[in-house]
Amino acid sequence: MLEIYEIVWRNENVTGYLEYNTKTDKFQAYLKDRENPNPRGLFGILKISDVVEDSRVRLYISDCVVPKTRENIDDILKHLGMGEYNQWEIYKKNMGVNVSDYASIRFYNCLLYTSDAADDKA
């Protein structure tokens, strides 16, 4: 299944899309507006590319969420309604918001689809 999220800058402008493929456990982000360096700076690519690969997306997400080694992580997970630590799930529960940047994500549910049937035919 492919989950698609809008990348929102300053809670108003959609500056790109974040995809997560649940079957392959891979991320990819597509950024718009080459004149605006954000959120390119968040992913560390600046104006080099409009596509952000899995490793850069994962690095960004890991910078946005509480680390697994935090002293009271069990209390934080309980507060979030989670039984185990999962960076992506924590990131989604916080809508991608953190105190060090202006980006957030919004689930773009009309683009959620499964490709299992197509994958099975291949």
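A residue is called buried when its relative accessible area is under 20%, exposed when that area is over 50%, and partly exposed in between. Arg-10, with a relative accessible area of 46%, therefore counts as partly exposed. These values, like the others in this text, were computed from a predicted model, and they offer a convenient place from which to begin a walk through the structure.

Arg-10 is found in the loop between strand E1, residues 2-9, and strand E2, residues 13-21. The two strands form a hairpin with three residues between them, and within that hairpin Arg-10 takes a positive phi near 55 degrees, although Arg-10 is not a glycine. A similar note belongs to Asp-25, which lies in the loop between E2 and strand E3, residues 26-31. Asp-25, too, has a positive phi of about 55 degrees without being a glycine, and because its relative accessible area is 38%, Asp-25 is partly exposed.

From these loops we can turn to the strands that they connect. Strands of a sheet pair through backbone hydrogen bonds, and the pairing may be parallel or antiparallel. In this model, five strands form an open sheet in the order E4-E3-E2-E1-E5, and the pairing is antiparallel. The edge strands are E4, residues 51-52, and E5, each of which pairs on one side only. Starting from the E4 edge, two bridges join E3 to E4, and here Ala-29 stands opposite Val-52 in E4. Further along the sheet, E1 and E2 run antiparallel and are joined by eight bridges, with Glu-6 standing opposite Tyr-17 in E2. On its way to the other edge, E1 pairs with E5 over five bridges, again in the antiparallel sense, and the bridge partner of Ile-7 in E5 is Ile-105.

Strand E1 deserves a longer look. Eight of the eight residues of E1 are buried, so this strand is largely enclosed by the rest of the structure. Its residues point in two directions: Leu-2, Ile-4, Glu-6 and Val-8 go one way, while Glu-3, Tyr-5, Ile-7 and Trp-9 go the other way, and all of them are buried.

Two of the residues of E1 just named, Glu-3 and Tyr-5, lead on to Trp-88, since both are in contact with this tryptophan. Trp-88 has its place in helix H4, residues 87-93, and because its relative accessibility is 7%, Trp-88 counts as buried. Leaving aside neighbours within four places in sequence, the contacts of Trp-88 also include Leu-18, Tyr-20, Phe-27, Ile-61 and Ile-105. The C-alpha atom of Trp-88 is separated by 8.6 Å from that of Val-65, a residue 23 places away along the chain.

Helix H2 brings us back to the start of E3. Asp-54 is found in this helix, and with a relative accessible area of 14% Asp-54 is buried. The side chain of Asp-54 reaches the backbone nitrogen of Phe-27 at 2.7 Å. Not counting residues up to four places away in sequence, Asp-54 touches Asp-25, Lys-26 and Phe-27, and Asp-25 is the loop residue with the positive phi that we met earlier.

What remains is to ask where the model leaves space between its atoms. Rolling a probe the size of a water molecule over the atoms shows where empty space is left. The largest pocket has a volume of about 160 Å³, and its lining includes Glu-3, Tyr-20, Asp-25, Phe-27, Ile-61 and Trp-88. Two elements, helix H2, residues 54-64, and H4, give two or more residues to this lining, and H4 gives the most, with four residues. By class, the lining of the largest pocket has four nonpolar, two polar and five charged residues.

The model also holds one cavity of 30 Å³ or more, and about 40 Å³ of space lies in this largest cavity. Ten residues line the largest cavity, and those that lie nearest its centre are Ile-7, Tyr-60, Tyr-91, Ala-103 and Ile-105. Helix H1, residues 40-43, and strand E5, residues 103-107, are the elements that give two or more residues to the cavity lining, and the largest share, three residues, comes from E5. The lining of the largest cavity divides into eight nonpolar and two polar residues, with no charged ones. Ile-7 and Ile-105, which are bridge partners across E1 and E5, thus appear again among the residues nearest the centre of the cavity.

Methods. Residues numbered from 1 in each chain as written. Predicted model: local features only at pLDDT ≥ 70, side-chain atom pairs only at ≥ 80, totals over all residues. Heavy atoms only, no water. Buried < 20%, exposed > 50% of the residue type's maximum accessible area, 1.4 Å probe, protein only. Contact = heavy atoms within 4.5 Å. 1 Å grid on protein atoms, 1.4 Å probe; cavity = no way out; pocket = protein on both sides within 12 Å on 5 of 7 lines; lining within 4 Å. Points joined across faces, edges and corners; volume = space filled by probe spheres on them. Nonpolar A, V, L, I, M, F, W, Y, C, P; charged D, E, K, R; others polar. Polar contact = N/O pair within 3.5 Å; in protein donor to acceptor, adjacent residues only side chain to side chain. Pairing = 2+ DSSP bridges.
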